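Let's take a walk through this protein together, one stop at a time. Have the sequence and the model open side by side as you read.

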Amino acid sequence: MTLAAYRPRQLPEALNGLFSLALDLRWSWHHGSDVLWRTLDQETWDSTRNAWLVLNSASGERLDELSRDPEFLARYREQMDAHELFVRARTWYSEHCRDELDRGIAFFCMEYGLSESLPLYSGGLGVLAGDYLKAASDLGVPVTAVGLLYQQGYFRQAISTDGEQLEFYPYNDPTMLPVSPLRDEDDQWLRVIVPLPGRDVRLRAWVGQVGHCELLLLDSNDPRNEPGDRGITSELYSGDPEKRLQQEMVLGIGGWRLLRALGRDPVACHINEGHCALALLERAFGWAHDNERDFDTARMATRATNLFTTHTSVAAGFDRFPRRLVQLYLDPWLAGQDLTVDQLMDLGTHNSDQDTTGDPLLNMAWLALNMSGRVNGVSRIHRKVSQTILQDFFPRWPSEDIPVEYVTNGIHTPSWDSPESDELWTRACGKDRWRRPMQATCPMSEISDQDLWNMRLSQRKRLIHYLRRRLASQHCEHNPGNDPAAACGLLLDNETLTLGFARRFTDYKRPNLLLSDPDRLLALLNHRDKPVQIVLAGKAHPYDKSGKELIRRWKQFSRMPEAEGKVVFIEDYDLGVANQLVQGVDVCLNTPRHPWEACGTSGMKVLVNGGLNLSQFDGWWAEAWNPDVGWAIRPGATFEELSHTNDHDESDARELFDLLEQQVVPAFYRVDQEGRPRDWITMIRASMDQLTAHYSANRMVREYVEDFYRPMVALGRQRDPDTAHALVQESREINAHWSRLRFTSIEVEEQDQQQTFTVDVYLDGVPAEHIGVELIAEASEYGPRQVHPMERKQAMEGSARGWIYQCTVPARPEGHYTPRIRVRDDRLNLPLENASVLWLR
Ligand SMILES: *Cc1c(COP(=O)(O)O)cnc(C)c1O
C-alpha cells in the first residue's frame, strides 16, 4: 500500500471538516456527532460504529445531497464549533499543573482497546490503556501513546454447535481504520528502522487522534521488508517467543525512535507492563548520544523519569527470552551502543532463571525494574502480590519494604455509561462532570427512586433487545434439536433479575463456579416468582485448552431444556458487547481465584449505570466493597492466608450460591407498594455515590500525574549530565566497599519501657551521609511492624571509618529489634536504585 491510497476522497467543500471529526476517536465516547454519521450511512454506522469508515463509504451523491441540506449543515456546523471549542478549552491539567509535563509523557503498551472499530487489543490490559488515554484527553494531560498496528489484531470468536470455540483472524484493512499515516517534512510516509540480524526492518508510522492525545502506531507490513518481517505486526500474542521478541523490539526500539523522528522529547516514559522495556533502553541510548556520555550515566539520568506499571499476578506471567535469542536479535542493535549483550543480560537476569537447556533468560520485568525510577501495581492487593513476586530483585529485603506502589485501575466513565444514566448524572452533577476531578459523591440522593428504577428498567430492556439481535446473528435458529424461540432469546424477560458474567474464560477466573452445583443453579433460573437469567460472554486464549473447555461446559448447560433461553452465551466478546452488557445487567458477577485478579475492571463499568457487583473479595473489589454497595465472597480474605491453590473453590461456590439465594434474589424482588425494590435501589444509589468517581480513569490518571509524573519529573530534573555521572561514581564507590561494611557492636539500655539502642558501624570509608542505619521490628504480639531511623551520633573513637548510631524505641523482648544498614540518598529512589542492605543478623 502506498500513500496514494490515503489521498482523502473528495468531499463537498461545505463538509470538508468531516475529515477531522471522523479521525478524532473522541466520537467513540462523546456521542455528539453520532447523528451526523447515522445520517451519512446508517447501516455502516450501526454495524461498525466507525465514523471514518462511514465517511469513506458514503456515496458521492449522498454527500452532495447533504451538503445542500440545511438541517444537516446546521448540525454539522454545530459539531464543528463544539469540536473547535473542545480543542481550545482549558482543562484540569492546564489549570492545575504549571507546564511541568509540557514536553509530554510517553506511554507504551502492547495493546490499546479504544473502540471496536480499532481492534488492536485482546483484553483487560488494552482496554485499560485505551481508557487511560481517553481520560488523559479529558483532563488535558499531554500524553503520547505508542503501540503497534496489528494487521489482524486479536482473534474473533464463534462457537460451533458442539460448543467448540472457533477462531477467525480477519484482516484489518488500515485504510478502513480511523488512523492516518504520519508524514515527514517532505510529505513522504514517515518510516523508522529497527535493525534485525542481517537486515533492517522498515516500520510505517500511523497516528490515531484520541481527543487531546495522540496514539502513534507502527507496523512492519512494508512491501520492501522480507516476507517474514512483514508479518511481525500481524497478530497480537501469537505465542511464538521469537516473534514476540521481534514485536517488543518494534514497539520499544521503533516506538522510541519514532518519537525522536517526530522531534518529541518526552519528560517521562511510562511503560504499561514489561513488554515495552526496550523503549527504556532506547531512551537511554538516545540520551547518551545527545549528551555524549556513557550508558551508565544515561541510565542514571533517564531512569528517574521512567515508570513501570505491572499488571501481572504470577512470576510466570513476565516475558522471558533465552540468551541465544537475545544475542541473535539484539546484538545488531547494541553494536553501535555502549552496552554489550552480557551487560544487557545482567540488567535483566534473575539469578536462577534458565530455560530447559540451561540458557539464562532475559526477564523483561527485571529489565524494566533496572531501568525505572518507580514501580507500581494496580490495586492494593496487587501491590502485595507484586512485592512477593518481585522479591528476588531485592535480596534480603522483607517484602513490606519492597518499593512497589499502587494505583488502582479505573475505567473511562463516559465510554461506559448509557444514554439513560448520562441523563441522570447530568441532572445531578452537570454536563462537564467527567472532565474535572469527579466529585467523590454526586448528589444521587436528589434523583428519585422512581427515576433510578426507570433507568434500570429501560437499560435492561435495551440489553434484551440487543441480545436478541446478537443471538439472531449467531444463527440461533439453526441450533439443532432445540427450541428456536429459547435459543433466540425470546424467553428473556425485561423484568427478570439479569446477571452478567463477561470476561476471559480461563481457569483462575473460575467461570465454572456457578456450574459446580447445577441443581442449585437450575433452581435459581426456574424459580416461579423470583427467576434469574444470565448473560455470558468471553473468549478463551487460542492455546488455553481448559479455558475452551469452560466455554463448552457453559454452552452445554445453556442447552439443557431447563436452562435454555435463561442462560445465553454471546459470541465474540469485544468492547461493543461489553458496552451493552455493562449498561443492562443488574449484577456483574466476578469470581476470580483470590489473589489472582490484579485489579479487574469489568465490574467498575456497571457502577455508573446503577449495576451492582457480586464479586470475589479481590483486586479492586477488596478496596471498594462494603455491605451497602454490593456483595463480596469471602470478605476480608487477606493475601497472607492464601496460596495459589484451589482450596477455596468449593467453599467460594457455596458462598456464591448462598449470597444469590439469600440476599441478591430476595432484595431484587422485595418491592414496596409502588412496585419498586426499595432496598435494591438504596444499594444502587450507594454504589453510584460511593464508587463511580473513585473507580474512574479520571481519578487514576490524576493519581499518576500527581503522585508519579510530577514528582518523578522534579527528581529527574536534578539529574543533569554531570550530576548523573557523579551519582554513578558514588554508587560504584558504595558498591565497591559494601562487602566490608559491618556492625562492630550493639548495646541496649532499658528504662521506663523504652529501649535505647547504640550501634557501632564500620563504613570502610563510605561517606556517612550516604548511609542510613535503621532499627526494624517485625509485627508480633508486641505490636505492629516498626522501622526506626537511627541517629548518627559521632565518629567512633580511634577509627576514621566507624560511626555510632543511636535511637530510643518502645521496649520489646530481646532479639525483636534488628539494625540494618542501607544506602540513603534523597537524589535516588531507594531501594530500587540501590538495593544494598546489611543486617546485623
Ligand atoms: C473491561 C474489559 C475487559 C477487562 O476485564 P476484567 O476481566 O475485568 O479484567 C476485557 N475485555 C473487554 C472487552 C472489556 O471491555
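A residue counts as buried when its relative accessible area is under 20%. Keep in mind that what you're looking at is a predicted model. With that cut-off in hand, try Val194: its relative accessible area is 0%, so it is buried. You'll find Val194 in strand S8, which covers residues 191–196. What does Val194 touch, once residues up to four places away in sequence are left out? The list is Asp200, Val201, Leu203, Met249, Ile253, Gly254 and Arg257. For a sense of scale, hop from Val194 to Leu492: the two are 298 residues apart in sequence, and their C-alpha atoms are 54 Å apart in space.

Now zoom out to the domains. The domain assignment splits the chain into domain 1 (3–88), domain 2 (105–406), domain 3 (440–692) and domain 4 (737–839). Look at how the first pair on that list meets. Between the C-alpha centres of domain 1 and domain 2 there are 33 Å. On the domain 1 side, 19 residues make contact with 25 residues of domain 2. Together domain 1 and domain 2 bury about 1,800 Å², and 63% of that is on carbon and sulfur atoms.

Next, have a look at helix H16, residues 380–389. Its buried residues are Ile381, His382, Val385, Ser386, Gln387 and Ile389. A bit of helix geometry helps when you read that list: an α-helix has 3.6 residues a turn, so residues three or four places apart point the same way. And what do the buried residues of H16 pack against? Their neighbours are helix H15 (364–371), strand S15 (374–377), strand S16 (404–406) and helix H25 (621–624).

On to the cysteines, which a bench biochemist will probably want to check anyway. How many disulfides does the structure hold? There is one, and it joins Cys476 to Cys488, with the sulfur atoms 2.0 Å apart. The link between Cys476 and Cys488 is right-handed, with 100° about the S-S bond. Cys476 sits in the loop between helix H19 (449–473) and helix H20 (484–487), while Cys488 sits in the loop between H20 and strand S17 (497–502), so the bond ties together parts twelve residues apart in sequence. Both ends are tucked away: Cys476 is buried at 3% relative accessible area, and Cys488 is buried at 15%.

Other cysteines go without a bond. Cys276 is in no disulfide, and the nearest cysteine sulfur, in Cys109, is 5.8 Å away. Cys276 is also buried, at 0% relative accessibility. Why does Cys588 have no bond to Cys599? Because the sulfur of Cys599, the closest cysteine sulfur, is 13 Å from that of Cys588, which is too far. Cys588 counts as buried too, at 7% relative accessibility.

Finish with a sheet. Four strands line up as S23-S24-S28-S27 in an open sheet with antiparallel pairing. Strand S23 (742–751) and strand S27 (791–795) are at the edges with a single partner strand each, so one side of each has no neighbour in the sheet. From one strand to the next, the twist averages 20°. Strands of a sheet pair through backbone hydrogen bonds. Between S23 and strand S24 (residues 754–762), which run antiparallel, there are nine bridges. To spot one of them, start at Arg742, whose bridge partner in S24 is Tyr762.

Notes:
Residues numbered from 1 in each chain as written. Predicted model: local features only at pLDDT ≥ 70, side-chain atom pairs only at ≥ 80, totals over all residues. Heavy atoms only, no water. Disulfide = S-S within 2.5 Å. Helix = DSSP H or I, 4+ residues; strand = E, 2+ residues; numbered from the N terminus. Buried < 20%, exposed > 50% of the residue type's maximum accessible area, 1.4 Å probe, protein only. Contact = heavy atoms within 4.5 Å. Pairing = 2+ DSSP bridges. Axes fitted to C-alpha atoms, helices over the stretch in contact; angles between N-to-C directions. Domains from an automatic or database assignment. Buried area = accessible area lost by both parts, 1.4 Å probe.
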